[in-house]
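Colleague: I am new to this one and would like to know how the descriptions are justified. Could we go through them together?
Modeller: Gladly, ask away.

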Protein chains: 4
Amino acid sequence: MDLTMSPKAQALLAKLEQFMDEHIYPNEEAYARQLHELENRFAIVPLMDELKAKAKEAGLWNLFVPEDYGQYSEHGGLSFLDYAPLAEVMGRVTWSPEVFNCNAPDTGNMEVFMKYATDAQREQWLTPLLNGDIRSSYAMTEPQVASSDATNIELRIEKDGDEWVLNGRKWFITGAMNERTKIFIVMGKSDPENPSRHKQQTQVLVPKGTPGMNIIRPLTTLGYDDAPIGHAEMVFDNVRVPLENVLLGEGRGFEIAQGRLAPGRMHHCMRLVGAAQRSLELACKRAVSRSTFGRPLSKHQSVREEISRSFSEIEMARLLVLKTCRMIDEQGPMNTTDMIAATKTTVPLLVQNVIDRCMQMHGAGGLTEDYMMAEAFNYARWCRQADGPDQVHQMALGKQIIDRYSGA
Amino acid sequence: MDLTMSPKAQALLAKLEQFMDEHIYPNEEAYARQLHELENRFAIVPLMDELKAKAKEAGLWNLFVPEDYGQYSEHGGLSFLDYAPLAEVMGRVTWSPEVFNCNAPDTGNMEVFMKYATDAQREQWLTPLLNGDIRSSYAMTEPQVASSDATNIELRIEKDGDEWVLNGRKWFITGAMNERTKIFIVMGKSDPENPSRHKQQTQVLVPKGTPGMNIIRPLTTLGYDDAPIGHAEMVFDNVRVPLENVLLGEGRGFEIAQGRLAPGRMHHCMRLVGAAQRSLELACKRAVSRSTFGRPLSKHQSVREEISRSFSEIEMARLLVLKTCRMIDEQGPMNTTDMIAATKTTVPLLVQNVIDRCMQMHGAGGLTEDYMMAEAFNYARWCRQADGPDQVHQMALGKQIIDRYSGA
Amino acid sequence: MDLTMSPKAQALLAKLEQFMDEHIYPNEEAYARQLHELENRFAIVPLMDELKAKAKEAGLWNLFVPEDYGQYSEHGGLSFLDYAPLAEVMGRVTWSPEVFNCNAPDTGNMEVFMKYATDAQREQWLTPLLNGDIRSSYAMTEPQVASSDATNIELRIEKDGDEWVLNGRKWFITGAMNERTKIFIVMGKSDPENPSRHKQQTQVLVPKGTPGMNIIRPLTTLGYDDAPIGHAEMVFDNVRVPLENVLLGEGRGFEIAQGRLAPGRMHHCMRLVGAAQRSLELACKRAVSRSTFGRPLSKHQSVREEISRSFSEIEMARLLVLKTCRMIDEQGPMNTTDMIAATKTTVPLLVQNVIDRCMQMHGAGGLTEDYMMAEAFNYARWCRQADGPDQVHQMALGKQIIDRYSGA
Amino acid sequence: MDLTMSPKAQALLAKLEQFMDEHIYPNEEAYARQLHELENRFAIVPLMDELKAKAKEAGLWNLFVPEDYGQYSEHGGLSFLDYAPLAEVMGRVTWSPEVFNCNAPDTGNMEVFMKYATDAQREQWLTPLLNGDIRSSYAMTEPQVASSDATNIELRIEKDGDEWVLNGRKWFITGAMNERTKIFIVMGKSDPENPSRHKQQTQVLVPKGTPGMNIIRPLTTLGYDDAPIGHAEMVFDNVRVPLENVLLGEGRGFEIAQGRLAPGRMHHCMRLVGAAQRSLELACKRAVSRSTFGRPLSKHQSVREEISRSFSEIEMARLLVLKTCRMIDEQGPMNTTDMIAATKTTVPLLVQNVIDRCMQMHGAGGLTEDYMMAEAFNYARWCRQADGPDQVHQMALGKQIIDRYSGA
């Protein structure tokens, strides 16, 4: 099991760390202020556009592009293992992945276009997405059903003449409210009676502004609206798009969803390791700068034990991510479902606990926006639900492991 | 150890539960909407005033008033043990304590006025507070120092002629931004050279609008601004008030702080038990109404184990609160520091974990404002810092227990 | 909820504590040595008989006898609530309950005789048991089946003329190997085809030495053989006893088991609270007597936090036990299954964790027999399995709570 | 970070796994029975000698020998990274490392002889140790002092003419009672007034049977005596050995201890990963073979979640061990203290928890000697104390990490 980065990725990592030092960390306050001052919470933060231009110029652009689709990036594509340390570094500042055009859900959506779209679709949507000119949403989760089992999806997609007609309700549609979002990939049921539960679904492209598409409200998680990207609840009320807006083909929606979600889960975990690592570093700085009852925190045995535990846990989380990445690179995500599930159900919870400790060492201020920790805590907590609650993945993983070792 | 409520309190509890059923739970959505629609996040929510009038009429007003100061309430005062189940019920809806004039920090501030103020101070501030006409703030915590050790407080209070002059910075000043807040109790250092570290502090009354008092910004915890009450960061820049605005006397600020905080800690824990209990009930409802992979959640053994664990933990938390209350009633808070510390360092964390589980059973929606859980989670998390981080109380409690059993 | 002990029980508690101080704690080393020197691990420890005589003389005998059967004791019977603090004190020394004729499984067996036996059975077996002259075993658990569901029991009890014939295998038969054990209460299936799954079982009395009854081996848990009481695996091979040896009646075995187990579970939890409390006290003594890196353990913040946490947890465990006892006293065990399950699934695990921490503070020695902790740790761990694994009780409790709050 | 085993180690691993399948697993019951039947608990188990002969013949001998001392083994030495998977496999059966001459404390002692002994000392002791003809002990820990800080050691070593004279008390002297143990490496204080606290200690060789060396008693941990190896408490009463029995040189005892302990800690962790892995496999087998309430355990969601969690945790523990090994190989143990401490303070606790869950799934039988789990649980628990309590290592690691990230 070789977990070594390629020289190409190492070079990118060095450049990325330098960029973070020069352009990201020094701008954290300014970014927060600009976001705060926006009239519309989901408008463009001016600083973001400036930084995107700089990142593009520095060759730190579309780092997520996978090896198999290297033609879509300047760097020629990176393996999972190579991308992990880059995503970790970006995860140190919650909003920074967008600077490098590496933020969810656009990365996943771009991969969908690369893998499953027609040339015309790619030209219309992938090109501006890769360029960072527009943003996109992926509309899958529904409030009424346990969407972690994609076969439960109820939004109706019916053929009517040369159009698809969509009716249904979605929520947690990330990016839907952002000013720059132009295209929605919508999953729904086109053939609910199909005896194969995995052939009932279809995915279609719905441009923003199509009549009948209504944003009901922004959703929050633990008080965060995640502006300017955010999560929306939406209603599709007789939304009509031409038949050619289908992705891959009628009845192939489940197949797309399967392919799309595994990388997304790994990207979240990579970033969360970075969030935990930065929280640990903040806690170490705090430990030497704050005194209680006449002793710096750093000399309290309990603080040392918590720093020690956090360090160890982050090491383990990172190794788990890297091993899973390596296995995906070697054998593909469909043969690595065990390790992907192990990573997805372990890392967010572990990171939540690490950050909880680090926040606590910061006193009341640790819960505020003065540090990146509170928002990262929300991110970790959210990831225990995102792409399916942990319990669903544990159900599958548990079954798989029991089968493996019981000889069943 | 008799943990039985008095008949008077039982009658109030029955009335309160009926009031919650009739007026509070049915208004949760309306309250959220009205709050959301306020131009100023810290203005008055119209529904609140309507409900306050109804609660007053129903005789459910100022329930917090303690036995020793029974004259300040219609019900004649309640023991800690009697108040605990009432506060628990109010804790089921985060914003409901205000309906009954039982919300922090006003309850603590009113107690300060009852115990330590002059008649004139009482007439001017306590009367309208008891009436719910104004609100108040308690300005103690400072960003630069570990304020859990009150002797660290740095805000300077100097005598200049017939005035006190205040200079310094405070944060987490709850209620400071609310439109109705009219009076601040401010703790500072008037005699920093006094050889007794507990006589260096003084508390003075500062009416809102006094020149030099500036609100810097609202603070958030885990993304919540806790509007319309909220927490502010403030600067006191040569703020001048007359000498008679001193509370209790020069150099007696520490004494007031000691007396004020113990009840506050207990009130938080009482409410948190209610928040956990309601979360458990929501989880039970969810368990029967939601199915995954063809079985209702209620039939999954893991769900039953988590419900079972949560029930047991809530029982224990409630009993710990009640026993501590009973002991405070019998021997006073100064002789119950062990049990108060045990409660304060146990209940919020326990409740945070219970709510975390209950949220998880609700899928992604569990983290939104569609339920009371996410905000209650923030409340529990915040209480691990409020009135001093748990670790500081554990330091004192650990020492006390070691001394007790080691014969040291 | 009044958790106050009766004056009678308070007087017994004071006497018991004095007895522990004078006769039990000073003899812990001597008892261990005598046990160690026994040729037969399951013989009588001489010191035990001396102490039993003293306890009887002091009026500290058969303290477990419940209120409804007060005629069987000098003290006239105690409620659950009254017995709990006495059992807690006995739990401080693992072997001490026997000194007061209050040890498992004899207490449960004596209750069975009180409730369900004929006068002749009582005279033959209950009288010497109450006198401490003989000991008894309860043979229910079987290795092949999940015995927590008593309907799974497979040992065959068949009528043949005027005799019952027993065939089957049992394990974890506590006390079976002890020299003084004279009588076995054996549960088996007499009517496996009965459509009511709760009428298939019968319990019969089998005197020691009945041909066909074979002890296969002593069992250990975590390395402990629990000598001189111990747990045996046994085979019943055509064991014959007269028909009058039936308890209560054919087909009523399940009913007896139900009635017997609830008190047993509570007694374990009472004793475990005492074991945890004593471990905490040992840890406090250790904290002041041991230094590492130049500071006594008592000054390490981490030690204070662990002492603080342990104190708080023990308080909660004790309160949960007491409330459950009070409810059993008021409404009977069959109406208190929720709280009994909550106690049984919470206290042993909590105590295991408390003791784990206290052992750790003692360094390597904490794991040896130099302290009572290691054996108490085993006792707590074992209680998570005894009388049914926690998970089975959580299944029932979870279902009950979900039903209660979901209105299902 | 390349975690790939060398081809040589891979070949050994394949051979070792085959040997386990053919000779170890099929003999677990026989070994237990032979050990049980020994008159002297610390005598030689006949099966062990048979298996040692077979292992030697199979070329599976002295696998622990490190790369730098390859001349002492047939295989020519293995790196830490190469040895880890081998030790993991041996850890699946608690007593099996001795079969391959890879058991503690002999491995550590042999390394001491390789690194620090004179040729004469090597010839006398190392040669028969490498051959498996004798066994050895390492006498460091003392009951009166916190021996994790080696400078606390109090056993007195004084020069008297041409002899060293030893006086003091030791405990947890692993192997001391074993019939085959012939040599003790004893650490003591030869120069207590030396201003350098790390030059006060000396280590000397004391052959078994030297007058004045008395074994006081065997020690148990959680009820286990770890026979036939075991842990002894010993008194050294004017024990005299010639001056040439010094190791490395007077005043260099601390240096030896430092060098000896790091590999030992890693070896424990490697084996514990194997113990956890085997427990998981047993739990999976149990899950399909046992039913409760009409469903096999494998279909209970709670069982799947616990299997899933255990799998994930074992993966992380294994990766942490491997990374630390790799770093030791690259930069030496003295430059890897952070990762060694992280491993030592994480893996045993994690493994204890994994085994606890797996035992619980086995019902009451899970705690007996019918499975390897209970004893492995004790091993994991013990390792949280062995080579220093976790807290001491966390103190050092916490300090190191705080320094690293605070720039202090």
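Colleague: What comes right after α8(A), and what is its phi like?
Modeller: A:Gly332 follows α8(A), and its phi is positive, near 85 degrees. Please keep in mind that this is a predicted model.

Colleague: How do you know that the span of α8(A) is close to what is expected?
Modeller: The helix has 31 residues, and from its first C-alpha to its last it reaches 45 Å. At 1.5 Å a residue the expected value is 45 Å, to which the span is close.

Colleague: What makes α8(A) largely enclosed by the rest of the structure?
Modeller: A residue is called buried if 20 or more other C-beta atoms lie within 10 Å of its own. In α8(A), 27 of the 31 residues are buried, so the helix is largely enclosed by the rest of the structure.

Colleague: Which chains meet with the help of that helix?
Modeller: Chains A and D: 38 residues of chain A are in contact with 38 residues of chain D. On the chain A side, two or more residues come from each of α7, α8, α9 and α11. The largest share, 13 residues, is that of α8(A). By class, this side has 19 nonpolar, 11 polar and 8 charged residues.

Colleague: How do you know that the same surface serves both copies there?
Modeller: Of the contact residues of chain A, 100% recur in chain D. A rotation of 180 degrees with 0.0 Å of shift along its axis superposes chain A on chain D, with an RMSD of 0.0 Å. In chain A, the C-alpha nearest that axis belongs to A:Asp2, 2.0 Å from it.

Colleague: And why are chains B and A described as related by a two-fold rotation axis?
Modeller: Chain B superposes on chain A by a rotation of 180 degrees, with 0.0 Å of shift along the axis and an RMSD of 0.0 Å. The two copies are therefore related as by a two-fold rotation axis. B:Gly223 is the residue of chain B that comes closest to the axis, its C-alpha lying 2.3 Å away.

Colleague: What makes up the side of chain B that touches chain A?
Modeller: In this contact, 33 residues of chain B meet 33 residues of chain A. The elements of chain B giving two or more residues are β8, α10 and α11, and α10(B) gives the largest share, with 5 residues. That side divides into 14 nonpolar, 14 polar and 5 charged residues.

Colleague: Which residues touch the most other members of the largest nonpolar core?
Modeller: That core has 524 residues, and the ones touching the most other members are A:Ile355, B:Ile355, C:Ile355 and D:Ile355. Leaving out residues up to four places away in sequence, A:Ile355 touches A:Ala275, A:Ala276, A:Ser279, A:Met373, A:Ala376, A:Phe377 and A:Ala380.

Colleague: Why is C:Thr174 called buried?
Modeller: The cut-off is 20 or more other C-beta atoms within 10 Å. C:Thr174 has 25, so it counts as buried. It is found in strand β3 of chain C, residues 163-174. Beyond its neighbours within four places in sequence, C:Thr174 is in contact with C:Ala104, C:Pro105, C:Ser137, C:Ile229 and C:His231.

Colleague: What does UniProt place at residues 251-401 of chain A?
Modeller: An unreviewed UniProt entry gives "domain: Acyl-CoA dehydrogenase/oxidase C-terminal" there. Over those residues the chain is 76% helix and 3% strand, with the end C-alpha atoms 31 Å apart.

Technical notes
Residues numbered from 1 in each chain as written. Chains lettered and ligands numbered in written order. Predicted model: local features only at pLDDT ≥ 70, side-chain atom pairs only at ≥ 80, totals over all residues. Contact = placed C-beta atoms within 7 Å. Helix = DSSP H or I, 4+ residues; strand = E, 2+ residues; numbered from the N terminus. Nonpolar A, V, L, I, M, F, W, Y, C, P; charged D, E, K, R; others polar. UniProt positions renumbered as here; feature names shortened; annotations may be inferred. Least-squares fit on C-alpha atoms with pLDDT ≥ 70 in both. Core = buried A, V, L, I, M, F, W, Y, C linked by C-beta atoms within 7 Å. Buried ≥ 20, exposed ≤ 12 C-beta atoms within 10 Å, placed from the backbone. Expected span 1.5 Å × (residues − 1).
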